[in-house]
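Trainee: Could you walk me through how to read packing and empty space in a model?

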Amino acid sequence: MTAADYRESLREYTPRVFVDGKAVDSVADSDALAPGIAAIGVTYDLALQDQYANLMTATNTAGQVVNRMIHVDETPHDLLAKLEAVRLVCQESGCAQRYLSHDALTALHQATFRADAEHGTEYHQRFVAYLRRVQEQDLTLGVAMTDAKGDRSKHPGQQANPDVYVRITERRPDGIVLRGTKAIVTGAPYVHEFLVMPCRTMTAEDTDYAVACAVPIDAAGITIVARPAGRPGEKAATFSARYGQSTGVVMFDDVFVPWENVFLAGETEVGGFLTTTYATHHRHSCIGARAGFGDLLIGAGALMIDANGLDPARHSHIRDQMVDLITMVEGFYACGVAASTYATEHESGTVIPDAVFANIGKLLLANQIYDMHRVAHYVSGGLVVALPGPDEDHNPETAAALDAVLGGRGDIPTGKRLAVSRMVEDLTASYQGGWYSIISLHGGGSPEAMKREIWRNYPIPEKTQLVENLLNRGVSGQRPVTARQPGKCCATGCQPLTSSTTEQGCR
Ligand SMILES: Cc1cc2nc3c(=O)[nH]c(=O)nc-3n(C[C@H](O)[C@H](O)[C@H](O)COP(=O)(O)OP(=O)(O)OC[C@H]3O[C@@H](n4cnc5c(N)ncnc54)[C@H](O)[C@@H]3O)c2cc1C
C-alpha cells in the first residue's frame with residue numbers, strides 16, 4: 001500500500017475510539033489522529049521508492065517481497081537492514097511506530113515454535129498462516145503488551161481488580177474470551193489489528209494471563225481511549241502537527257478470539273520467553289528509532305549555531321556540545337550494529353539480536369535522551385521557549401520590528417532562525433519533547449529491566465576465568481562458562497558482515 005492506501009484502508013474498520021472525551025466517528029478523517037496516520041504512512045511510501053528497496057523491503061520464505069516493518073528476521077543482515085530502516089523512517093517522522101509490528105511478529109514466530117516443541121501444540125503453523133496474511137495485506141499491527149498492572153508489587157492473580165491485566169476468562173470449542181486492560185498501546189486507534197501479548201513472566205498460578213493472540217481493532221467489546229497524535233492544529237508545532245504518535249488505553253470487555261488467531265493460551269514458561277525475546281527485538285528497534293530522532297537534533301542544532309552566527313571550529317565549547325551529541329547518538333547506534341552482527345540463531349529459522357548489546361544500546365539512549373535535549377538547548381539559547389507565537393509573525397504592528405531584531409547572522413533570514421528555533425522547541429521542550437523523553441526512558445521497558453537483562457546475559461564467568469588463568473590458579477570449582485563474549489567464542493571468531501554474508505561463522 002501507499003500511505004494514502006493505508007489511510008483509506010482504515011475505513012474498513014469501525015473501532016470504538018474516544019479522544020479527549022469525544023467519540024471518533026471516522027479514524028481516517030480525524031484531525032486529532034492525522035499526524036499519527038501520516039507518520040505510519042512514511043513506512044508505506046518509503047518502501048515503494050527504488051532507492052530504499054534494500055532497506056525498506058525484504059523477501060520472505062515464500063518468495064514474496066514484503067515491507068521490512070512486517071518481515072521476520074532470518075539473518076544478521078535482516079537485523080542490520082531493519083535497524084537502518086527504522087532510523088530512516090524516524091528521521092522523516094520522528095517516530096514511525098510500525099516497527100513494533102515487526103518486533104512482535106518476529107518474537108511470536110520464535111515463541112510459537114518453542115511452544116510447539118515443548119507442548120506439542122499447533123501454534124506455529126497457525127501463526128505462520130497469520131503472518132502471511134499480514135504480509136500479503138500489508139497491515140500495521142499495534143502491540144498490546146503493557147497491562148494496566150495495578151499494584152506493581154503484586155502478581156496478576158493477586159490484584160484487587162482483575163481487569164488490570166488481560167486474561168482468558170473462557171475457553172470455548174471455537175476460541176477464547178479475553179477481558180482486562182492494556183494501558184499503553186502506540187498507534188492504537190489507527191492500526192488494523194492488535195497483537196495481544198503478556199508483559200511479564202508469569203507464575204504457574206497465572207496460566208490464564210499467559211495469552212497471545214491477534215484481534216482486529218473493531219472486535220466486539222474493544223474500547224480505545226486515546227490521546228491526540230502529536231500536536232495537531234497547533235501553529236507552533238512545525239513538525240509534530242504533521243507527524244505524531246497517539247497512545248491508547250485498550251479495554252477488552254469479553255472479547256471473543258477464534259482459535260485460528262490464538263498463539264499462546266496458558267503456557268506460562270513460553271509466555272516468559274515471548275516477553276523476553278520481544279523485549280530484545282524491540283529494544284534493538286528503539287536504538288534505530290532514537291538514532292533517527294538524534295539525527296534531527298544534530299541537524300537542528302547545527303542550523304541554530306549557524307543562524308546564531310557562531311562557528312563551532314572557533315567556539316570550542318559549542319563544538320564540544322555537538323561532539324557530545326554525536327557521540328551519544330552514534331554510540332548507542334553502534335550497540336545496535338553490534339547486536340545485529342552478533343545475533344544468535346533461533347531454531348525457528350530466525351535470529352535474535354545479541355541481548356547484551358541490544359539492552360546496553362537501549363539503556364544508553366534511555367538515560368542520554370535527557371542529555372541530548374540539553375545539548376540542543378545549550379547551543380540554541382533561550383529563544384527556543386521565549387520566541388513569541390507564530391501569530392506574531394503576521395501582526396502588522398510588531399512583525400517588521402521583531403524581524404529586524406530577532407535575526408542572527410546577516411546572510412540568514414530571521415524567519416529561518418525562528419523556524420529552526422520552533423523546531424527545537426517542538427522536538428525538545430513541548431508536550432512532544434516530553435513524549436520523546438518518556439518513550440526513550442520507558443518504551444520497551446524501564447531501565448531496570450535492561451539492567452537485569454544485561455546482568456543475566458553478560459558472560460561474567462568467562463571474565464573470572466581469564467583472571468583465574470592469569471593468577472595461575474586453575475579453574476576448578478569456578479562457575480561454568482555458559483556464555484562467551486560475542487566474537488570470542490571460537491578460534492575463527494565471527495565473520496565480518498557483508499551484504500552477501502547471511503550467516504555468521506560461529507555461535
Ligand atoms: C510513549 C510510550 C509508548 C509505548 N508504547 C507501547 C506499546 O505500543 N505497547 C506496549 O505494550 N507498551 C507500550 N509502552 C509501555 C512501556 O513498555 C512501559 O511504559 C514500560 O514497560 C514501563 O511500564 P509502566 O509504564 O507501566 O511503568 P511502571 O511499571 O509503573 O514503572 C515505573 C517504575 O517502577 C518500577 N517498577 C515497576 N514495577 C516494579 C516492581 N514490581 N518492583 C520494582 N520496581 C518496579 C519500574 O522499574 C519503573 O522505574 C509505551 C510507553 C510509552 C511511554
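Trainee: Leaving aside its neighbours within four places in sequence, which residues is Leu-105 in contact with?

Mentor: In general, nonpolar side chains tend to be buried together in soluble globular proteins. Here, Leu-105 is in contact (heavy atoms within 4.5 Å) with Ile-70, Val-72, Phe-127, Tyr-130, Leu-131, Val-134, Leu-141 and Leu-195, sequence neighbours within four places aside. This is a predicted model, where local features need pLDDT of at least 70 and side-chain atom pairs count only at pLDDT 80 or more, while totals for chains, interfaces and linings use all residues. Numbering runs from 1 along each chain as its sequence is written, and side-chain values use heavy atoms, leaving out hydrogens and water.

Trainee: How do I find the empty space, and what lies in the largest pocket?

Mentor: Rolling a probe the size of a water molecule over the atoms shows where empty space is left. A pocket is an open set of points on a 1 Å grid over the protein atoms alone, with protein on both sides within 12 Å along at least five of seven lines; lining residues have an atom within 4 Å of a point. The largest one holds about 1,500 Å³ of space, counted as the space filled by probe spheres on points joined across faces, edges and corners. Of its 43 lining residues, Thr-146, His-442, Gly-444, Gly-445 and Ser-446 are the closest to the centre.

Trainee: Where does the largest pocket lie?

Mentor: Between domain 1 (3–273) and domain 2 (275–454), because both give residues to its lining; those bounds come from an automatic or database domain assignment. Helix α7 gives the most to that lining, nine residues, and spans 268–307. Helices are DSSP runs of H or I, at least four residues, numbered from the N terminus.

Terms used. Helices (H or I, at least four residues) and strands (E, at least two) are DSSP runs, numbered from the N terminus. On a 1 Å grid over the protein atoms alone, a cavity is a set of points where a 1.4 Å probe fits but cannot get out, and a pocket is an open set with protein on both sides within 12 Å along at least five of seven lines; lining residues have an atom within 4 Å of a point.
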